[in-house]
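Reader: Please take me through this model, and for each label tell me which criterion stands behind it.

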Amino acid sequence: MATVLENPTVIQTVPEQPPTLRLFTVAEYYQMAEAGILGQEERVELLEGRILTMSPKGIRHAAVNDHAGDYFRKHFGARVLVRLQNPIHLDDASEPEPDIVLAAPQEKRYFDHYPTPAEVLLAVEIADSSLRFDRAVKSRLYAAAGIVQYCVFNLPAREIEDYRQPGADGYRSKQTYSAGQNFSLVAFPEVVLSVAELLPPV
């Protein structure tokens, strides 16, 4: 004779969830650095909660970085603070380190915080092997944060890509200048800058 269970146990199954990506905040990022998880010599950036290892800079990249920094100091003087390969604070999940930043002058000279998007007059990435990343990822991040102007120094093509009019979906304006042309900045439209003088010699 079959046995009848008066109170049968119902086994409920929980649907499996796909794995999710663990993202980090800026605070956690610095805690890892303080704990030694991230070495002082590691070239990393926090972008959208992800810690990315950046490629080493080649000789040409480094030379253009230093030269362009000097060029901007010469043309703008005390009207900007020229920062090389230092962080900017976009939000709680992103602190990229652009190759060059022209920041608005600040009384404490940013001893108490990294420049925020409202204080960044120009962000520059120097692209040798990182061109696709700088055009896609960095451009989108800087535009969404509201940085008014972003330039990519395209070293292989000897061109400067000038992005303006930031929006949530990216920059709405892009101009490309070759070595024989000039351009200006959104913040200082009266100052003429030479593309040839910013890029490496042939």
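Author: I begin with F72, which, leaving aside residues up to four places away in sequence, touches G77, V82, I100, L102, L122, F153, L193 and L198, where contact means heavy atoms within 4.5 Å. The model is a predicted one, in which local features need pLDDT of at least 70 and side-chain atom pairs count only at pLDDT 80 or more, while totals for chains, interfaces and linings use all residues. Residues are numbered from 1 along each chain as its sequence is written, and side-chain values use heavy atoms, with hydrogens and water left out.

Reader: What makes a set of residues the largest nonpolar core, and which members touch the most others?

Author: A nonpolar core is a set of buried Ala, Val, Leu, Ile, Met, Phe, Trp, Tyr and Cys residues joined through side-chain atoms within 4.5 Å, and buried means under 20% relative accessible area, with exposed over 50% and partly exposed in between, for a 1.4 Å probe and protein chains only. The largest such core has 26 residues, of which F72, F76, L102, F153 and F183 touch the most other members. Two or more residues come from each of α2 (59–76), β4 (100–103), β5 (120–127), β6 (149–154) and α4 (195–198), and α2 gives the most, with five residues. These elements are DSSP runs numbered from the N terminus, helices being H or I of at least four residues and strands E of at least two. Another core, of 19 residues, lies apart from it and has I88, A103, Y142 and Y171 among its members.

Reader: Why is the pair of Y163 and Y171 called tilted?

Author: The structure holds nine aromatic pairs, a pair being two rings of Phe, Tyr or Trp (its six-membered ring) with centres within 6.5 Å, counted as stacked if the planes are under 30 degrees apart, edge-to-face if over 60, and tilted for the rest. The ring centres of Y163 and Y171 are 6.1 Å apart and their planes stand at 50°, so this pair is tilted. Both Y163 and Y171 are buried.

Reader: Why, then, is the pair of Y177 and F183 called stacked?

Author: Their ring centres lie 5.5 Å apart and their planes are at 25°, so the pair of Y177 and F183 counts as stacked. Y177 and F183 are both buried. One aromatic cluster is formed by Y71, F72, F76 and F188.

Reader: How do you know that β1 and β2 are paired, and which way do they run?

Author: Two strands pair if DSSP finds at least two bridges between them, and four bridges join β1 (residues 44–47) to β2 (residues 50–53), the two running antiparallel. Among the partners, L46 is bridged to I51 in β2. The hairpin has two residues between its strands, and there E48 takes a positive phi near 55°.

Reader: Why is E48 called partly exposed, and why is R109 called exposed?

Author: E48 has 29% relative accessibility, which falls between the two cut-offs, so E48 counts as partly exposed. R109 has a relative accessible area of 52%, and therefore R109 is exposed. R109 lies in the loop between β4 and β5, and has a positive phi of about 55° although it is not a glycine. Most residues other than glycine have a negative phi.
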